[in-house]
Amino acid sequence: MTNNQRLTERDLAVLWHPCTQMKDHEQLPLIPIKSGQGVWLEDFDGNRYLDAISSWWVNLFGHANPIINQAVKRQLDTLEHVILGGFTHEAAVELAEKLVEITPPGLNKCFYADNGSSAVEIALKMSFHYWRNLGKTQKNRFITLENSYHGETLGALAVGNVALYKDTYGPLLMDVITVPGPDCYLREEGESWEAYSIRRFADMEQALARHADTVCAVIVEPLVQCAGNMRMYHPVYLRLLREACDRYAVHLIADEIAVGFGRTGTLFACEQAAISPDFLCLSKGLTGGYLPLSAVLTTDAVYQAFYDDYQNLTAFLHSHSYTGNALGCRAALATLGIFQSQDVLGSNRNLAAAMARAVDRFRDHPNVAEVRQTGMIVAIELVKHKAGREPFPWQERRGLRVYRHGLSQGVLLRPLGNVIYFMPPYVITEQEIERMVAVAWQGIQQAVQD
Ligand SMILES: *Cc1c(COP(=O)(O)O)cnc(C)c1O
């Protein structure tokens, strides 16, 4: 028995893995990872894997990054964690100051939590509670986009729209208003992303016109619906949405948990539309992929609506045990320090161009309906027939074949259904990009055969 097999056996005896049909592991080997370095992960048998998906979109500057390691180690010897109710600490304050400084204008207050779904819950509750504190108790619903994803807890799941994750739990979920989205995969042939995104806004305008009186907020993933198969749209949609939310007195919640911190080419995706949301949810890359931490940034106006004498019971009495964890805040500060000391967005432009060149040949592939890219996110939509974009039946699990092939060739790809995508850490080299894409190409060749 190899070292990998020994650990796998112990694992499967006691461990239940996230987002997994555990029976798959009767056939599909689990990969126990011993160490990570830069874009590379190494298992217990000495095999290496290029982490093309940033370990579920969290890693920005590589595994075992010396700068982040150093910062976390120093913090560890000083203070690991302290209650954030009634107490505070340096890392939490510094990080809040930094986030207020670098996020879009007007977001002046920072509320911490410890994962992305919780950040979404907080934004939803804060928005609802804001209107309640203003006496607008009839506002108690949310508008969301088709194909959106905002996490797995019940509130976050309710405002999401990926059937695979959501439908089973339908009876438990609050009722939301779901509007057709600007997903540009569905545009007419020859239509630009911009024209399509503008055209699709009509549905949102209509929903707001009809429901504004009872709606607290619209929640969106700016520019890329990541868990929804990396579907993308034009920034103009966000600009129109901001303007309409103002007009109808409805909050805008921007969930940048996946797209924040440079993934779309700008530090935050909202910058490309030159808008500020009322709530900005951040997590994933916030700590460079090191520790679970999230933050909700909001405006002075929202903060002020809760600020009153205790007896009036307007306070936001929400907390998580690990709110503002010191190690997480320190990892986040080190991560933001890298953005500050290096031209990350500039070098990412070169990497994004290298990815664009590397995937160009997929465009003519008979089983590829679309190659799309926004900044450091590239996705390839696999179909049965290019003409008419007829999809492969999901039961055939073609993407899983690409995953298996990737592992056999030392590349961690984790397709979303039949969408193969790349979202690598920013420390990837052009040679590694070519390798990653070449392995995906071979994987697709095998996956489309009968
Ligand atoms: C991952 C993700 C979440 C949920 O974050 P978790 O930390 O996994 O709970 C929410 N929104 C978006 C857009 C995400 O990609």
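This is a short talk on a few parts of one structure: a small sheet, two helices that cross, a helix with buried residues, and one histidine.

Okay, hi everyone. Before we start, keep in mind that what you see is a predicted model.

Let's begin with the sheet. Four strands make an open sheet, and the order across it is β1-β2-β3-β15, with mixed pairing. Which strands stand at the edges? Those are β1, residues 33–37, and β15, residues 411–412; each has a single partner strand, so one side of each is left without a neighbour in the sheet.

Now look at how the strands pair. β1 and β2, which is residues 40–43, run antiparallel and are joined by four bridges. If you want a spot to find on screen, Ser-35 stands opposite Glu-42 in β2. These two strands form a hairpin with two residues between them, and in that hairpin Gly-38 has a positive phi near 60°.

Over at β15, things run the other way: β3, residues 48–51, is parallel to β15, and two bridges join them. Here, Leu-50 is the residue opposite Val-411.

Just before that, along the chain, have a look at helix α13, residues 398–408. Its buried residues are Arg-398, Gly-399, Val-402, Tyr-403, His-405, Gly-406 and Leu-407. What covers them? The cover includes β3 and β15 from our sheet, plus β16, residues 419–422, and helix α14. And just after α13 comes Gly-410, with a positive phi of about 80°.

That brings us to α14 itself, residues 430–447, and its meeting with α12, residues 344–359. Their axes come within 10 Å and cross at roughly 30°, and the crossing is right-handed. Who touches whom? On the α12 side, the residues include Leu-351, Ala-354 and Met-355, and on the α14 side we have Glu-430, Ile-433, Met-436 and Val-437. Sorted by class, this contact has eight nonpolar, one polar and two charged residues.

Last stop: His-150. You'll find His-150 in the loop between β5, residues 141–145, and α6, residues 154–158. Is His-150 buried or exposed? His-150 is buried, with a relative accessible area of 2%; the cut-off for buried is under 20%. Around it are contacts with, among others, Ser-117, Val-120, Thr-144, Ile-219 and Glu-221. The side chain of His-150 also makes a polar contact, at 2.8 Å, with the side chain of Asp-255.

That's my tour, thanks!

Technical notes:
Residues numbered from 1 in each chain as written. Predicted model: local features only at pLDDT ≥ 70, side-chain atom pairs only at ≥ 80, totals over all residues. Heavy atoms only, no water. Pairing = 2+ DSSP bridges. Axes fitted to C-alpha atoms, helices over the stretch in contact; angles between N-to-C directions. Left-handed = near helix turned anticlockwise from the far one by under 90°. Contact = heavy atoms within 4.5 Å. Nonpolar A, V, L, I, M, F, W, Y, C, P; charged D, E, K, R; others polar. Buried < 20%, exposed > 50% of the residue type's maximum accessible area, 1.4 Å probe, protein only. Polar contact = N/O pair within 3.5 Å; in protein donor to acceptor, adjacent residues only side chain to side chain. Lists of a residue's contacts leave out its neighbours within four places in sequence.
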